[in-house]
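Trainee: Please take a close look at one part of this model, the sheet and what packs around it. Start by settling the matter of disulfides.

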Amino acid sequence: MGQLEDIACRFAARQGQTCPAALTPAITVFASDHGVTAEGVSAYPSVVTGEMVKNFVAGGAAICVLARAIEARLEVVDVGVLSPLDDLPIVHARVRAGTRNLMVEAAMTQEETARRWPLVGRPPAAPWQTAPTC
């Protein structure tokens, strides 16, 4: 029980509360296309990525079934899909459309990498914090 109490205290501290809010399950899918697929290393072409994102939004993918089964919030983040997805209700955090072929050149520049990191992770999770229940 002592370890559980320590964990609860850490959660409460991170939330700025004296009592931690109940945790709500959440699943975040990060979608991107990789230039190295031009080398034949993927089972599917890049066009499939955009179609899969549309399937996530429509609720037809296996991850959607899992999210519903555990009553989890499902969030999709575009971090570099080649296909334009601007009209979809997802988190738009792309710095560029796909990466370059890493067999030929750097997949991303240091600047692109530095610009991408603040766009993903904690910011999408912030709105889902809940109020304490105890």
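Mentor: The count of disulfides is 0, a disulfide being a pair of cysteine sulfur atoms within 2.5 Å. For Cys9, the closest cysteine sulfur is that of Cys19, and at 9.7 Å it is too far for a bond. Cys9 is partly exposed at 47% relative accessibility, whereas Cys64 is buried at 3%. Here buried means under 20% relative accessible area, exposed over 50%, and partly exposed in between, with a 1.4 Å probe and protein chains only.

The model is predicted, so local features need pLDDT of at least 70 and side-chain atom pairs count only at pLDDT 80 or more, while totals for chains, interfaces and linings use all residues. Residues are numbered from 1 along each chain as its sequence is written, and side-chain values use heavy atoms, with hydrogens and water left out.

Before the sheet, the overall layout. The protein has 5 helices and 3 strands, following the pattern α-β-α-α-β-β-α-α along the sequence. Both kinds of element are DSSP runs numbered from the N terminus: helices are H or I with at least four residues, strands are E with at least two. Of the 134 residues, 31% are buried. Among contacts (heavy atoms within 4.5 Å) with a separation of 6 or more, 56% join residues 24 or more positions apart.

Now the sheet. The 3 strands form an open sheet in the order 1-2-3, with parallel pairing; two strands pair if DSSP finds at least two bridges between them. Strand 1 and strand 3 (91-92) are at the edges with a single partner strand each, so each has one side without a neighbour in the sheet. Strand 2 (residues 73-80) and strand 3 run parallel and are joined by 2 bridges. In that pairing, Val77 is opposite Val91 of strand 3.

Two helices pack against these strands. Helix 2 packs on the sheet and touches strand 1 and strand 2, its direction making about 155° with that of strand 1. Helix 3 lies across strand 1 and strand 2 too, at about 165° to strand 1. The axes are lines fitted to C-alpha atoms, for helices over the stretch in contact, and angles run from 0 to 180 degrees between N-to-C directions.

Val91, a residue of strand 3, has a relative accessible area of 23% and is therefore partly exposed. Its C-alpha is 9.4 Å from that of Phe30, although the two residues are 61 apart in sequence.

Next, the packing of side chains. The largest nonpolar core has 14 residues, of which Val53, Phe56, Leu85 and Ile90 touch the most other members. Such a core is a set of buried Ala, Val, Leu, Ile, Met, Phe, Trp, Tyr and Cys residues joined through side-chain atoms within 4.5 Å. Strand 1 (26-32), helix 2 (47-58) and helix 3 (62-69) each give two or more residues to this core, and strand 1 supplies the largest share, 3 residues. Beyond neighbours up to four places away in sequence, Val53 touches Ala31, Val76, Val81, Leu85, Leu88 and Ile90.

Last, the loop between strand 1 and helix 2, where Ser46 sits. Ser46 is buried at 16% relative accessibility. Apart from neighbours within four places in sequence, Ser46 contacts Asp33, Thr37 and Leu82.
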